[in-house]
Amino acid sequence: MHKMEHRLIRTLTCFSNTDERLVFDVQLQDFNLQDFQKEFKESSDNPMYDSYEISVKNLPFLKTYLPKSICINWDFNKYAYFIECVEN
């Protein structure tokens, strides 16, 4: 029996602003830590394990990391979006 390998997955998560329930989450296609640190103005020694809220200005950057098959109707009035790190 071998030990299960754990790896970190970065996701885009969407929560309802009215009741804070999880609406959906999408695994990012790739994750380039240096690019995300720059986009979210984090220091180069921050592994970005926390949750990072997404704003409209992050969308052009984020769209390159989302699967092409996913179509998101962004609505910042109804939903809050975050980049999160989860262990698989």
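User: What makes β3 and β4 count as paired strands?

Analyst: In this predicted model, β3 and β4 are joined by 2 bridges in the antiparallel sense, and since pairing requires at least two bridges between strands, the count meets the criterion. One of the positions concerned is Glu53, whose bridge partner in β4 is Phe82.

User: How do you know which strands are the edge strands of the sheet?

Analyst: The 4 strands form an open sheet in the order β2-β1-β4-β3, with antiparallel pairing. The edge strands are β2 and β3, each of which pairs on one side only.

User: What makes β1 a partner of both β4 and β2, and which residues stand opposite each other?

Analyst: β1 pairs with β4 (residues 79-87) over 9 bridges and with β2 (residues 22-27) over 5 bridges, both in the antiparallel sense; because the requirement is at least two bridges, each pairing qualifies. On the β4 side, Phe15 stands opposite Ala80, while on the β2 side the bridge partner of Thr13 is Asp25. The hairpin of β1 and β2 has 5 residues between the strands, and there Glu20 takes a positive phi near 60°.

User: Why is strand β1 described as mostly covered?

Analyst: Of the 9 residues in β1 (residues 8-16), 7 are buried, where buried stands for a relative accessible area under 20%. Cys14 has a relative accessibility of 0% and therefore counts as buried.

User: How do you know that Cys14 and Cys85 form no disulfide?

Analyst: A search of the whole structure finds 0 disulfides. For Cys14, the nearest cysteine sulfur is that of Cys71, 13 Å away, whereas a disulfide calls for sulfur atoms within 2.5 Å. For Cys85, the closest cysteine sulfur is in Cys14, at 19 Å, and is therefore too far for a bond. Cys85 has a relative accessible area of 18% and so is buried, the cut-off being under 20%.

User: Why is the contact between Asp19 and Arg21 called a salt bridge?

Analyst: The closest N and O atoms of Asp19 and Arg21 are 3.5 Å apart, and because the limit for a side-chain nitrogen and a carboxyl oxygen is 4 Å, the pair qualifies as a salt bridge. The structure holds 1 salt bridge.

User: Are the two residues of that salt bridge buried, exposed or partly exposed, and what makes them so?

Analyst: Asp19 has a relative accessibility of 46%, and Arg21 has a relative accessible area of 46%. Buried would need a value under 20% and exposed a value over 50%, with partly exposed in between, so Asp19 is partly exposed, and so is Arg21.

User: How do you know whether Asn58 is buried or exposed, and what is in contact with this residue?

Analyst: Asn58 lies in the loop between β3 (52-53) and α2 (59-63), and with a relative accessibility of 2% it counts as buried, because the threshold is under 20%. Leaving aside neighbours within four places in sequence, Asn58 is in contact with Glu39, Phe40 and Glu53.

User: What makes the approach of Asn58 and Glu39 a polar contact?

Analyst: The side chains of Asn58 and Glu39 are joined at 2.9 Å, which is set against a limit of 3.5 Å for the N or O atoms of a polar contact, and the pair is accordingly listed as one.

User: Why are the aromatic pairs of Phe36 with Phe40 and of Trp74 with Phe76 called stacked?

Analyst: The count comes to 11 aromatic pairs. Among them, Phe36 and Phe40 are 6.3 Å apart centre to centre, with 10° between the planes, and Trp74 and Phe76 are 6.2 Å apart, also with 10° between the planes. Because ring centres must lie within 6.5 Å to pair, and planes under 30 degrees apart count as stacked, both descriptions follow from these values.

User: What is the exposure of these residues, and which aromatic cluster includes Phe36 and Phe40?

Analyst: Phe36 and Phe40 are buried, while Phe76, at 28% relative accessibility, counts as partly exposed. Phe36 and Phe40 belong to one aromatic cluster with Phe31, Tyr52, Phe61 and Tyr65.

Terms used: Residues are numbered from 1 along each chain as its sequence is written. This is a predicted model: local features need pLDDT of at least 70, side-chain atom pairs count only at pLDDT 80 or more; totals for chains, interfaces and linings use all residues. Side-chain values use heavy atoms; hydrogens and water are left out. Buried means under 20% relative accessible area, exposed over 50%, partly exposed in between (1.4 Å probe, protein chains only). A polar contact is a pair of N or O atoms within 3.5 Å; within protein, one must be able to donate a hydrogen and the other to accept it, and residues adjacent in sequence count only if both atoms are side-chain atoms. Contact means heavy atoms within 4.5 Å. Rings of Phe, Tyr and Trp (its six-membered ring) pair if their centres lie within 6.5 Å; planes under 30 degrees apart count as stacked, over 60 as edge-to-face and the rest as tilted.
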